[in-house]
Every structure is written in structure tokens, then in C-alpha cells.
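Please open the model in your viewer and prepare to make selections by residue number. The tour proceeds through an open pocket, an enclosed cavity and a pair of side chains.

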Amino acid sequence: MADVILASEADHVRFVQRHFDEHSYKTVQLARFVQSAPLDESIKEQLAAVASLTPLPAFDVVDPAGGDQKDYDACAQQLWELSQVFALLVEQRST
């Protein structure tokens, strides 16, 4: 079972909340987690803090669907960068 569900859009978080409420406590927008997680807490506490926040479109990773290659590249780059920061946060809290 997953310890965390990372979503790229607020709508994805709301989908999990509606259809899988028992997993809402570990479902967060990736960009929101990276920007809002309290650094002095455990991963479990960080997830709880961010999952308790209202999902906001301001933290969405822009969906490149219908765009050109530049849009897909920008989306991939943003997801890569956010994932790297998330990995660093998780690594730091697990040591």
C-alpha cells in the first residue's frame, strides 16, 4: 500500500477525496507539499498538515494536453524538479 499519493492537480486530490476518502490523509498536490510542508515535522505529520489544506489550482502542474512539444517539455521539467525536492524532503525526514 502507498504511503503517499502525489497529485499534480487540485482536481486529482478532490477525486481521491470523493472516491477514496480513506486515503485522503495521504493525498497531496506535489507542488503544495513542496511549498507548504512544515520542515520540522515527520513525513507523516507533513502529509497530514498539507492534506488538511484545501486543494488549490494555483498549485497545479499545468496539463500540456493539446499543447506543442514545448508544453510537454515544460510539464516534464516541472514534475522532475518538484519530484527532486520531494525526494530530498523525504530523505531528510527519514534520517
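In this predicted model, the lining of the largest pocket comprises five nonpolar residues, three charged residues and no polar ones. To display this lining, select A2, D3, Y25, K26, I43, K44, L47 and A48. The volume they border is about 150 Å³.

Next, turn to the enclosed space. The count of cavities of 30 Å³ or more comes to one, and the largest cavity has a volume of about 70 Å³. Select V13, Q17, T27, V28, Q29, R32, V50, A51, L53, T54 and P55 to show the residues that line the largest cavity. Colouring this selection by residue class should give six nonpolar, four polar and one charged.

Which elements each supply at least two residues of this lining? They are α1 (10-19), β2 (27-29) and α3 (43-51). Of the elements, β2 gives the most, contributing three residues to the lining of the largest cavity.

For the final stop, remain with helix α1 and select D11 and R14, which both lie in this helix, three residues apart, or about one turn. Show their side chains: D11 and R14 form a salt bridge, with an N to O distance of 2.6 Å. The count of salt bridges in the model comes to one.

Are these two partners buried or exposed? D11 has a relative accessible area of 47% and is therefore partly exposed. R14, with a relative accessible area of 27%, is likewise partly exposed.

Technical notes:
Residues numbered from 1 in each chain as written. Predicted model: local features only at pLDDT ≥ 70, side-chain atom pairs only at ≥ 80, totals over all residues. Heavy atoms only, no water. 1 Å grid on protein atoms, 1.4 Å probe; cavity = no way out; pocket = protein on both sides within 12 Å on 5 of 7 lines; lining within 4 Å. Points joined across faces, edges and corners; volume = space filled by probe spheres on them. Helix = DSSP H or I, 4+ residues; strand = E, 2+ residues; numbered from the N terminus. Nonpolar A, V, L, I, M, F, W, Y, C, P; charged D, E, K, R; others polar. Salt bridge = Lys/Arg side-chain N within 4 Å of Asp/Glu carboxyl O. Buried < 20%, exposed > 50% of the residue type's maximum accessible area, 1.4 Å probe, protein only.
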